[in-house]
Every structure is written in structure tokens, then in C-alpha cells.
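Subject: The structure for you to look at

Hi,

Here is the structure I said I'd pass on. Have a look at it first, then read on for what turned up.

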Amino acid sequence: RMLSNSSVAIEQIKKEVMRLSDISMDAFNSAYNSFLSRKTSSLDNVQELISNSNELSKAITDFLIKTSATTNTNKEEFTISNIHNNIGDIMRISEIADNFIKYTKKEVSDDLRFSQEILDKINLMVEKINLLHSLTKDAVLNNNFSVLNKIDLVEEDIDTMRKELIDEHIERLNTGKCRTENSSIFINLVSNLERLGDHLTYIAYTIKPAN
């Protein structure tokens, strides 16, 4: 029935896309918590969430294709194109969650350790990412342009934190305060966090109209 009214269908799709983002973020947060707790036993749940996000993304994409055949305006076509892009960005979040599965397994198998001070800084970065997700949902679901400036500030904070964490890590390596075995996971981990913030920001900015 919704397909008979493309504007209504598009609004419903937006809600489903944000539900997809919730699932992908749940996968990421679960994977991150597994990394913190060093528990590989919880990784099956992360993999299930990733599988759920894959299935839902396919279902949304199929419905989106059907909806595009009923669009009446250039604005609707532009919105549908943006939604396709949003789905792609959200699935990159699921891929980052999958990367954290790998980090956790390697952390445990190679007995890699990170200081509480470093983990506290990474935790703060993750808190910023979850705030960014909340702001992004507000932007998309409510077409709220007023949060875009705040999104920019949070995203800049995440970028700055990544740079500071990597710079500090390199300094610790040079002074022998950090095991070289930690490097690949640590640098990839914080870089993935920055990428996650980038994908959320891309999603938020799709509410801006075409020039």
C-alpha cells in the first residue's frame, strides 16, 4: 500500500534505515565491549547482529528499488539516492564491528595488553561516536539542520583524538614504553573509530538539499 504513495514510503524507509543504523551500532558496541573485556565468547552475538544488519539492508534496498519506480519528483529521486548512500555507510559500520571481532581474537591469542590510561582515552572516543550516532538519527528522522554544526564539532573531536592517540603511541614506542606487537591493532583500531565517525557524519549531511 505504501508503494502507492512514494512520499509516505520514503519516510518509512528513513525510519527503517535508522533502525538499521541501530543494529550496526549495537554490533559495533558489542564488539568493542568484547575487546575491552577480552571475552571471545560474546563474539557470536556480534556476528549475529552483523548478519541481521546484512539481511535488513538487502530488504530495505529491495523496497527502495520498488519505491524509486513510483517517484514523482526530482526531490524524491534525490532522497532515494541519498538513502542508498546511507545504507552503504551503515554497512561500513557493520564492517568495522567485524574488524573489532578480529582485534579481540588477536588481542586474546597474542596476549596483547593496553594500559587503563589508553583504554580510558579510547572509551572517550567511543562515547563521542555514540553521541554522533544519536545526533545523526535526530538529523535524519527530524530533518533537523540545527544539529549539523554540533555534528561537525563532535566529528572534529574524534579526528583530533585519533591523531593524539596515534602520536602518543608512537612516542611510547620510541621510548620503549609500548610493545611493538600492539602497534598494528592499536593504530587500526583508532583509525577505524575515526572512519566510523566519518560514516555517521556522511549520513547526517544527506539531509542537505541538492544545490
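What percentage of the 211 residues of the protein count as buried? The figure is 45%. Keep in mind as you read that this is a predicted model.

Let's begin with the overall layout. The protein has six helices and zero strands, so if you walk along from the N terminus, you pass α-α-α-α-α-α. Its C-alpha atoms fill a box of roughly 65 × 35 × 20 Å along the principal axes. The accessible surface comes to about 10800 Å², and carbon and sulfur atoms account for 49% of that. Here's a nice one about contacts: take those between residues at least 6 apart in sequence, and 82% of them join residues at least 24 apart.

Now for the inside. In soluble globular proteins, nonpolar side chains tend to be buried together. Here, the largest nonpolar core has 60 residues, and Phe28, Phe100, Ile122 and Leu193 have the most contacts inside it. The elements that each give it two or more residues are α1, α2 (43–68), α3, α4 (116–142), α5 (148–174) and α6 (183–204). The biggest giver is α1, with 12 residues. Try clicking on Leu193: leaving out residues up to four places away in sequence, Leu193 touches Phe28, Phe100, Ile122, Met125, Val126, Ile129 and Ile158.

Another residue to find is Ile101, which sits in helix α3. Is Ile101 buried or exposed? Ile101 counts as buried because its relative accessible area is 5%, and the cut-off for buried is under 20%. Again leaving out residues up to four places away in sequence, Ile101 touches Ala31, Leu43, Val46, Gln47 and Ile50. Ile101 is also 8.2 Å from Tyr32, C-alpha to C-alpha, although the two are 69 residues apart in sequence.

Last, the largest pocket. About 420 Å³ of space lies in it. Which elements give two or more residues to its lining? They are α1 (6–37) and α3 (74–109), with α3 providing the largest share, seven residues. The lining is made up of 19 residues in total, and those nearest the pocket's centre are Lys14, Lys75, Thr79, Asn143 and Ile207. Sorted by class, the lining has eight nonpolar, six polar and five charged residues.

Have fun turning it around on the screen!

Cheers

How values were computed:
Residues are numbered from 1 along each chain as its sequence is written. This is a predicted model: local features need pLDDT of at least 70, side-chain atom pairs count only at pLDDT 80 or more; totals for chains, interfaces and linings use all residues. Side-chain values use heavy atoms; hydrogens and water are left out. On a 1 Å grid over the protein atoms alone, a cavity is a set of points where a 1.4 Å probe fits but cannot get out, and a pocket is an open set with protein on both sides within 12 Å along at least five of seven lines; lining residues have an atom within 4 Å of a point. Grid points are joined across faces, edges and corners, and a volume is the space filled by probe spheres set on the points. Helices (H or I, at least four residues) and strands (E, at least two) are DSSP runs, numbered from the N terminus. Ala, Val, Leu, Ile, Met, Phe, Trp, Tyr, Cys and Pro count as nonpolar, Asp, Glu, Lys and Arg as charged, and the others, Gly among them, as polar. A nonpolar core is a set of buried Ala, Val, Leu, Ile, Met, Phe, Trp, Tyr and Cys residues joined through side-chain atoms within 4.5 Å. Buried means under 20% relative accessible area, exposed over 50%, partly exposed in between (1.4 Å probe, protein chains only). Contact means heavy atoms within 4.5 Å. Accessible areas come from the Shrake-Rupley method with a 1.4 Å probe; for residues, only the protein chains shown count as cover.
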